[in-house]
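Me: I have a structure open here and would like to talk through its sheets, cores and helix packing. Could you go through it with me?

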Amino acid sequence: MIDIDSQSGFCFGVTRAIQRAEEELQNGELYCLGDIVHNGEEVSRLANLGLITIDHDQLRSLHNAKVLLRAHGEPPATYQLCKQNGIQLFDASCPVVLGLQKRIRAAFSAHPGAQIVIFGKPGHAEVVGLVGQTDGTAIVIERPEQIDAIDFQRDIFLFSQTTKSTDEFNQLVENIRFRLDELHAHVQFEYHNTICKNVANRVENLRKFAVEHDIVIFVGGLKSSNAKVLFGHCREVNIGTLFVSMIEELTPEWFERLRQLAGKPLSECNIGICGATSTPQWLMEQVAQRIENEC
């Protein structure tokens, strides 16, 4: 039996951005600032429809064009540049990310002497937009143990990238508290769990999904941080979990590995297929069909 997880696939923000791109492409040429989603197969599909992906360097030389801003959000400097270059913007930034940007900007403005700390991946598109709300002064911490980057003699306001792990965020909070107590530091420490609830709930759901199947095929983009995190959770509870990024990976050699992992004919296996918030439904369905044909 092959079962596709009903709760996997694009989150609301990504779905909204892709729908916006498809709509605007019907009206002519459209550029997208960065990969619209961290999934190479979906990026290729939209490129075939005419979407032109550019980076920030290319944006600087672009004038009087139409540009889509993806769900990850952008720093204020991007909006200023587009205005200067006469660019028509189609802002598909996720409302959750925009709300987080607003909260960070408000904290930065209200507490000029404090440190804004962002729990996130340095250089990630969303994090770049968040740091931009603080004129580039925010401290970015990727792992809970990296607290030495913080000055414990100054007030601390902690936020999180929307797709980070809730458990790791909570561990970071505890680490900061412990250090403050250890130093007897009398500073203000505020923390805000700004992880998207849709993303946070997927961890529990996916772990449950993974243990209910003999074999799990996790479909995700190689560039997706969310895919790496969620794949790790599936693998933690089911060692029979494999990562697939494209249908071309399902070679005869891959199927032989899958049979060895299963330890029995695939037709007798309960196979689960799931994915990240950046994984298109059509790709999971293609993987399921390919496996079904092999069985």
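Reply: What follows goes through the sheets, then the cores, then a helix pair and two single residues, and please keep in mind throughout that this is a predicted model.

Me: OK, start with the sheet that holds β12. What is the strand order there, and how do the strands pair?

Reply: That is an open sheet of four strands, in the order β1-β12-β10-β11, and the pairing is parallel. Its edge strands are β1, residues 2-4, and β11, each of which pairs on one side only. On average, neighbouring strands of this sheet are turned by 20° against each other, if direction is ignored.

Me: And which helix packs on that sheet?

Reply: Helix α10 packs on the sheet, where it touches β10 and β11, and its direction makes about 165° with that of β11.

Me: How many bridges join β1 to β12?

Reply: There are three bridges between β1 and β12, which run parallel. Within β12, I2 has I271 as its bridge partner, while the partner of I4 is I273.

Me: What about β10 and β12, how many bridges there?

Reply: Five bridges join β10 to β12, and these two strands also run parallel. As one point along that pairing, V216 stands opposite G272 in β12.

Me: Is β12 covered on one face or both?

Reply: Both faces are covered, since I271, I273 and G275 on one side and G272 and C274 on the other are all buried. Put as a count, five of the five residues of β12 are buried. As background, side chains in a regular strand alternate between the two faces of the sheet.

Me: Switching to the other sheet, the one with β4. What's the order?

Reply: It is an open sheet of four strands, ordered β3-β2-β4-β5, with parallel pairing. The edge strands, each pairing on one side only, are β3 (51-54) and β5 (88-91). From one strand to the next the twist averages 30°.

Me: How is β4 joined to β5, and what packs on this sheet?

Reply: Strand β4, residues 66-69, is joined to β5 by four bridges, and the two run parallel; L69, for instance, stands opposite D91 in β5. Helix α4, residues 76-84, packs on the sheet and touches β2 (30-33), β4 and β5, with its direction at about 145° to that of β5.

Me: Let's do the cores. Which residues touch the most other members in the largest nonpolar one?

Reply: The largest nonpolar core has 20 residues, and those that touch the most other members are I217, W254, L258, I273, V287 and I291. At least two residues of this core come from each of β10 (215-219), β11 (241-244), α10 (252-262), β12 (271-275) and α11 (281-294). The largest share, five residues, is supplied by α11.

Me: Pick V287 out of that. What is it in contact with?

Reply: If its neighbours within four places in sequence are left aside, V287 is in contact with I217, V219, V244, I247, L250 and I273. Another core lies apart from this one; it has 18 residues, including A17, I18, A92 and V97.

Me: Back to α10 and α11. How do they cross?

Reply: Their axes come within 12 Å and cross at roughly 75°, so α10 and α11 are roughly perpendicular to each other. The contact is made by W254, F255 and R259 from α10 and by R290, I291 and E294 from α11. By class, this contact of α10 with α11 has three nonpolar, no polar and three charged residues.

Me: Now H213: where does it lie, and is it buried or exposed?

Reply: H213 lies in the loop between α8, residues 197-211, and β10. Its relative accessible area is 7%, and because the cut-off for buried is under 20%, H213 counts as buried. Not counting residues up to four places away in sequence, H213 touches D3, N238, N270, I271 and G272.

Me: Last one, L183. Where is it found, and what is its accessibility?

Reply: L183 is found in helix α7, residues 166-183, and at 42% relative accessibility L183 counts as partly exposed. The C-alpha atoms of L183 and I239 are separated by 42 Å, these residues being 56 apart along the chain.

Note on methods
Residues numbered from 1 in each chain as written. Predicted model: local features only at pLDDT ≥ 70, side-chain atom pairs only at ≥ 80, totals over all residues. Heavy atoms only, no water. Pairing = 2+ DSSP bridges. Axes fitted to C-alpha atoms, helices over the stretch in contact; angles between N-to-C directions. Contact = heavy atoms within 4.5 Å. Core = buried A, V, L, I, M, F, W, Y, C linked by side-chain atoms within 4.5 Å. Buried < 20%, exposed > 50% of the residue type's maximum accessible area, 1.4 Å probe, protein only. Parallel < 35°, antiparallel > 145°, perpendicular 65-115°, else oblique. Nonpolar A, V, L, I, M, F, W, Y, C, P; charged D, E, K, R; others polar.
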